Amino acid sequence: MENQQDNKENEAIREVIVERRVGFNYPEMIIIMLIAILFGFLIGNIVSYTRGYSGSTDKNLDEFIATYEDIVNNYYEDVDKEKLLDAGIKGMINYLDDPYASYFEGEKSEAFNESLEGTYQGIGVEVTQQDADKVITKVYKNTPAANAGLQENDIILKIDEEDVTSKSLEETVEIIQNKKKNTAFNMTIQRNGEEQTFSVKTTTLSLPQITSNIYEREDKKVGYIKIEIFSSNIAEQFESALKELESDGIDRLIIDVRDNPGGYLTQTTEILSLFMTKKQVLYQLATKKETEKVYGTKSKVDRNYPVAVLINEESASAAEILASAFKENLNSEIIGVTSYGKGTVQRTEDLENGDTIKYTVQKWLTPDGNWINETGVTPTQEVELNLAAGETLTDENDTQLQKAIEVICEK
């Protein structure tokens with residue numbers, strides 16, 4: 001069971017569409033109340049969650065609580081109460097037999113939430129492994145790394161006095177991220193064959209989740225925006241990039257959600273509402289009892305240029321919602337290969353001890369009412385991406401991108 005849980009945690013970012021709601025329905029309320037009661041015992045008080053439910057505590061919980069007290073009081077060895085409660089919560093999550101349900105503890109919870117919130121602890125660089133070297137391949141503007149003077153192609157040698165040349169890329173990044181926030185440390189790098197040392201600090205940074213470009217074909221100006229993940233601040237980043245492209249005179253747009261694992265429904269709604277109105281269904285949300293249609297938020301949308309969407313087998317969740325909405329509402333070209341096929345919605349809840357639970361609460365349907373779970377979104381133009389072994393992806397050999405530019409210019 002532990003291996004099953006670890007696998008869920010490792011795949012969690014890919015597998016999440018998050019919708020935070022004000023209230024809970026009754027079955028969900030029982031789960032949350034049970035967790036609240038268990039943690040109440042941990043801190044010596046019963047915590048009651050009553051949002052969206054006014055009934056009494058389920059009497060079936062008495063047996064669970066009695067078992068907890070019996071183990072704590074009578075087990076022949078000392079029991080770590082917090083770990084015992086953690087095991088109880090994990091048991092409930094695993095009982096659901098939900099492939100997208102997870103329980104994140106400690107640092108895993110923090111990393112999971114940071115990914116969705118679009119922030120991370122770091123210095124503002126992108127680091128890659130090149131042979132045995134850890135090489136800075138990008139330094140983001142207005143970050144501690146940029147302010148300290150670090151540059152692209154710097155090779156990281158030491159973090160303070162710790163030699164990282166024989167460590168893995170993951171270990172090196174972890175050492176940097178674990179430095180105390182806003183406290184200076186030294187980073188020794190090699191630049192043009194010479195060693196240099198810089199003083200730098202880690203801080204909470206916004207992840208740059210948008211990249212944009214313009215491709216010109218004859219008299220056409222094609223805007224391009226890639227969305228890495230639907231984090232909590234992605235709609236703002238997307239609109240800013242879109243307006244900048246529009247000010248440069250684009251008359252077509254490609255939205256790239258290849259390898260996009262999903263994210264917040266609210267952000268997907270905001271982005272789609274830049275192109276679709278209150279009269280258009282963006283997607284539908286279905287529970288056991290009812291189906292709700294979600295519409296655009298604006299009365300009028302002035303953007304009438306053609307849009308194409310790039311997808312691949314790793315486009316999941318919110319990325320599939322976006323592609324489906326463009327496909328069914330605007331007859332947009334969807335280019336690439338069939339997407340991942342995740343048609344469910346998860347809720348996340350932060351527990352009082354800093355851990356996080358995630359489990360499925362709804363399934364989502366396309367504007368026309370289709371459920372793409374385990375089948376994916378089918379492209380209108382199927383194009384494989386075939387790179388030779390060791391070949392680096394570029395605009396020129398990106399067959400899916402080139403096909404998208406070709407198709408959109410014909411509109």
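Asp-256 and Lys-226 are both buried. Their side chains meet in a salt bridge, with an N to O distance of 3.8 Å, and the pair links distant parts of the chain, since Asp-256 belongs to strand β13 (residues 252-256) and Lys-226 to strand β12 (residues 220-227), 30 residues apart. The structure is a predicted model, and its salt bridges come to a count of 12. The points below treat charged pairs, buried elements and surface patches in turn.

**Salt bridges**

- Lys-226 and Asp-256 also belong to a wider arrangement: salt bridges with shared partners join Lys-226, Asp-256, Arg-258 and Asp-398 into one network.
- Glu-333 and Lys-411 form a salt bridge in which the closest N and O atoms are 3.3 Å apart.
- Glu-333 lies in strand β18 (residues 333-336) and Lys-411 in the segment after α11, so this pair ties together parts that are 78 residues apart in sequence.
- The two partners have unlike surroundings: Glu-333 is buried, with a relative accessible area of 14%, whereas Lys-411 is partly exposed, at 47% relative accessibility.
- Glu-239 and Lys-243 form another salt bridge, with 3.4 Å between the closest N and O atoms.
- Both residues are in helix α8 (residues 234-247), and because they are 4 residues apart there, about one helical turn separates them.
- Glu-239 counts as partly exposed at 28% relative accessibility, and Lys-243 is likewise partly exposed, with a relative accessible area of 47%.

**Buried polar contact**

- Gln-400 is placed in helix α11 (residues 399-409).
- The relative accessible area of Gln-400 is 2%, so this residue is buried, being under the 20% limit.
- The side chain of Gln-400 makes a polar contact of 2.9 Å with the side chain of Arg-258. Arg-258 is also a member of the salt-bridge network that includes Asp-398.

**Enclosed elements**

- Helix α9 (residues 265-272) is largely enclosed by the rest of the structure, because 6 of its 8 residues are buried.
- The buried residues of α9 are Leu-265, Gln-267, Thr-268, Thr-269, Ile-271 and Leu-272.
- Val-309, in strand β17 (residues 307-311), is buried, with a relative accessibility of 0%.
- The C-alpha atom of Val-309 is separated by 9.6 Å from that of Ser-324, which is 15 residues away along the chain.

**Surface patches**

- Glu-228, Asp-259, Glu-313, Glu-382 and Glu-384 form a negative surface patch.
- One of these residues, Glu-382, is located in strand β21 (residues 381-382).
- Glu-382 has a relative accessible area of 60% and is therefore exposed, the cut-off for this class being over 50%.
- A nonpolar surface patch of about 350 Å² is made by Ile-71, Tyr-75 and Tyr-76.
- Within that patch, Ile-71 is situated in helix α3 (residues 61-74).
- Ile-71 counts as partly exposed, its relative accessibility being 31%. This value satisfies the patch criterion, because patch residues need over 30% relative accessible area.

Notes
Residues numbered from 1 in each chain as written. Predicted model: local features only at pLDDT ≥ 70, side-chain atom pairs only at ≥ 80, totals over all residues. Heavy atoms only, no water. Patch = residues over 30% accessible without salt bridge, like charges linked within 9 Å, V, L, I, M, F, W, Y side chains within 5 Å. Areas by Shrake-Rupley, 256 points an atom, 1.4 Å probe, with all protein chains shown as cover. Salt bridge = Lys/Arg side-chain N within 4 Å of Asp/Glu carboxyl O. Lys, Arg positive; Asp, Glu negative; His and termini not counted. Charge placed at Lys NZ, Arg CZ, Asp CG, Glu CD. Helix = DSSP H or I, 4+ residues; strand = E, 2+ residues; numbered from the N terminus. Buried < 20%, exposed > 50% of the residue type's maximum accessible area, 1.4 Å probe, protein only. Polar contact = N/O pair within 3.5 Å; in protein donor to acceptor, adjacent residues only side chain to side chain.
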